[in-house]
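Hi,

Here is the structure I promised to pass on. Have a look at it first, and then read on for what turned up.

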Amino acid sequence: MRLKMLLSVAVATLLAAGAAWAEETLTIATVNNPDMVVMQKYSAKFTEATGIKLKWLVLEENVLRQRVTTDISTKGGQFDIITIGMYETPIWGKAGWLVPFTDTPASYDIGDVLESVRSGLSYEGKLYSLPFYAESTMTFYRTDLFQKAGLTMPDKPTWDQIAAFAAKLNDKANGTYGLCIRGQPGWGENMAIVGLMGNAWGGQLFDMKWKPGYNSDAWKEAVKFYVDIGNKYGPPGMVGNGFNENLALFASGHCGMWIDATVAAGFLFDPKRSQVADKVGFAQAPIEKWNKGNGWLWAWALGIPASSKHEKEAKQFIEWATSKDYIKMIGESEGWVTAPPGTRMTTYNNPDYQKAAPFAKPTLDAIQSADPIHGTKDPKPYAGITFATIPEMQAIGNFTGQQVAAALTGKATVDAALDAAAANAERTLKQAGYYK
C-alpha cells in the first residue's frame with residue numbers, strides 16, 4: 001500500500017514538472033523587419049512541438065537597440081532571447097553578457113554557416129549568437145524606368161553615375177523618386193549608408209591613432225554629396241526613412257533606385273509583396289574614389305542574455321529558428337524567393353533557391369567579399385565597415401547620425417555637423433582612455 005502511494009506521488013510530481021515545462025514562456029525581443037515578422041508567424045509550430053510558449057516584443061530598429069542594450073548592460077533580465085548583430089555580439093560576448101553556443105548538436109551543422117558570418121558573431125573562437133539572416137549591400141533599380149530613359153546600369157556603378165541616373169529618373173510630380181536611401185538617424189540606419197560613402201570617398205571612422213575621421217575632407221565631400229542627392233532626388237520626409245520605409249516605397253513603385261541591404265531582394269522579387277517584382281534589377285553597391293568598403297557585412301542574429309533563467313529552452317528555440325529545416329519550411333511555405341538569406345551554404349546550393357532567386361549568387365559574393373579589416377583606403381585600428389567594433393561606437397554613431405540628419409534637413413551645414421561629430425567622438429574616446 002505504501003509502495004503504491006509513493007508511486008502515485010512520484011507520478012503526480014512528474015506530471016506537475018511536465019506541466020510546468022510545457023507552460024514555460026520565453027520572452028523574445030526582435031526587430032520589426034519582414035523576415036522577423038515571418039519568424040513570429042511560424043513560431044506557433046515550435047510551440048506546438050515543444051509546449052514552450054513565446055512572448056514577443058517587436059520593435060523598430062533604433063528602439064530595439066536601446067531597449068536591449070539597456071537591459072543586458074544592467075542585467076535587467078527582461079528577455080530570454082534578443083535580436084542582435086555583428087556589432088553587439090563580440091563586445092557583449094567578451095563582457096560575459098551572453099551565453100555562448102558551444103554545444104550545438106551535430107544535426108544543426110554549424111559548419112554549414114558561412115565562415116564570415118560565424119566569425120562576425122564570435123569572440124575568441126566562441127559563437128555568442130546564431131544568425132537568422134545575413135546581408136551585404138546592393139543597388140536595386142527599376143529596369144522598366146531605366147529602359148524608358150535609355151539608361152544602362154553597370155555591374156559596379158559609381159556614386160557619380162547613381163546621381164546622373166537619379167536626375168533622369170526623378171519624377172516627383174508623379175510620385176517617382178530618382179533615389180531612395182536611408183535618412184533616419186542612427187548608427188545602424190543613416191550611418192550605415194553614410195559610412196559606406198565615407199569609405200568610398202577614401203575616408204575612415206578613425207585613423208591608426210584613434211583620431212576621428214568624420215571631419216576629414218573625404219567625409220565632408222561624401223556627406224555633402226549625400227545631402228545633395230537626398231534633397232534633389234529623394235522622397236519627402238527622407239529623414240524619417242529607414243530600411244522598412246524604403247522597402248515599402250520601392251515595392252510600391254515609388255523609387256527609381258534604392259541602395260540598401262541585400263536581404264531586401266527576397267521581398268522585392270516576390271509578387272505577393274512587391275508591385276514591381278518583375279521590374280527589379282540589381283548591381284553592386286556604388287564605389288567612388290576607393291573601390292572597397294562599399295558593402296557592409298551584417299547579420300541579424302539571436303542571442304541569449306546571461307541573465308536568462310531559461311537558457312536550455314532559449315537555445316532550443318534559436319537552434320530551431322536558424323536551422324536548415326526552418327529555411328526549408330519557409331522556402332516551401334512562403335516561396336523560396338523569401339527564404340532567410342545569407343547564412344548557410346546549403347541555401348545557396350539548393351536548386352529551388354537558385355531558380356527562384358536571381359540575386360542569390362551576387363548576394364553570396366557580396367557577403368563573402370565584404371572585408372571588415374581592409375575595407376578602407378588607409379589603415380585603420382578597428383574591425384568593421386560602417387561601424388567600429390568598440391563599446392563606444394553606438395553612442396558615437398548615434399550622435400553622428402543626428403548631426404548628419406541635421407545637415408540633411410538644413411538645420412546645420414555639413415561642415416558644422418561633421419565638426420561636431422568629430423569633436424564628440426574625440427571627447428568620448430579620450431574619456432574612455434584611447435588617448436590623452
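How many nonpolar, polar and charged residues are there in the lining of the largest pocket? Before the answer, please keep in mind that this is a predicted model. The lining has eleven nonpolar residues, ten polar ones and five charged ones.

The pocket itself has a volume of about 490 Å³. It is lined by 26 residues, and those closest to its centre are Gln284, Asn294, Asp365, Ala366 and Ser369. Strands β7 and β9 (280–284) and helix α16 (360–369) each supply at least two residues of this lining, with α16 giving the most, four residues.

The second largest pocket holds about 360 Å³ of space. Its lining is made up of 17 residues, and Ser119, Gly120, Leu297, Pro372 and Ala383 lie nearest the centre. Here helix α5 (residues 115–120) is the element that gives the most, again with four residues. By class, this second lining has eight nonpolar, seven polar and two charged residues.

Now to the interior. The largest nonpolar core has 142 residues, and the members that touch the most others are Trp159, Phe206, Tyr214, Tyr226, Met257, Phe317 and Met393. Helix α9 provides the largest share of this core, nine residues. This goes with a general tendency: in soluble globular proteins, nonpolar side chains tend to be buried together. If you would like one residue to centre your view on, try Phe317: leaving out residues up to four places away in sequence, Phe317 touches Leu26, Ile28, Met39, Ser43, Phe46, Leu54, Trp56, Ile81 and Leu302.

Helix α8 (residues 190–200) is worth a look too. Eleven of its eleven residues are buried, among them Asn190 and Asn199 as well as Met191, Ile193 and Leu196. What do the buried residues of α8 pack against? Their partners are β7 (137–142), α7 (159–169), α9 (217–233), β8 (257–261) and α17 (393–408). After α8 comes Gly202, with a positive phi near 95 degrees.

Two residues other than glycine also have positive phi. One is Trp210, with phi near 70 degrees, which lies in the loop between α8 and α9. The other is Glu124, with phi near 50 degrees, placed in the loop between β4 (122–123) and β5 (126–127). Which of the words buried or exposed fits Trp210, and which fits Glu124? Trp210 is buried, because its relative accessible area of 14% falls under the 20% cut-off. Glu124 counts as exposed, because its relative accessibility of 69% is over 50%.

Last comes a buried charged residue, Glu61. Glu61 is placed in helix α3 (residues 61–73) and has a relative accessible area of 6%, so it counts as buried. Its side chain makes a polar contact of 2.5 Å with the side chain of Arg65. An α-helix has 3.6 residues a turn, so residues three or four places apart point the same way. Setting aside neighbours within four places in sequence, Glu61 is in contact with Val31, Asn32, Gly188, Glu189 and Trp300.

Enjoy exploring it, and do write back with any questions.

Best wishes

Conventions
Residues numbered from 1 in each chain as written. Predicted model: local features only at pLDDT ≥ 70, side-chain atom pairs only at ≥ 80, totals over all residues. Heavy atoms only, no water. Buried < 20%, exposed > 50% of the residue type's maximum accessible area, 1.4 Å probe, protein only. Contact = heavy atoms within 4.5 Å. 1 Å grid on protein atoms, 1.4 Å probe; cavity = no way out; pocket = protein on both sides within 12 Å on 5 of 7 lines; lining within 4 Å. Points joined across faces, edges and corners; volume = space filled by probe spheres on them. Polar contact = N/O pair within 3.5 Å; in protein donor to acceptor, adjacent residues only side chain to side chain. Core = buried A, V, L, I, M, F, W, Y, C linked by side-chain atoms within 4.5 Å.
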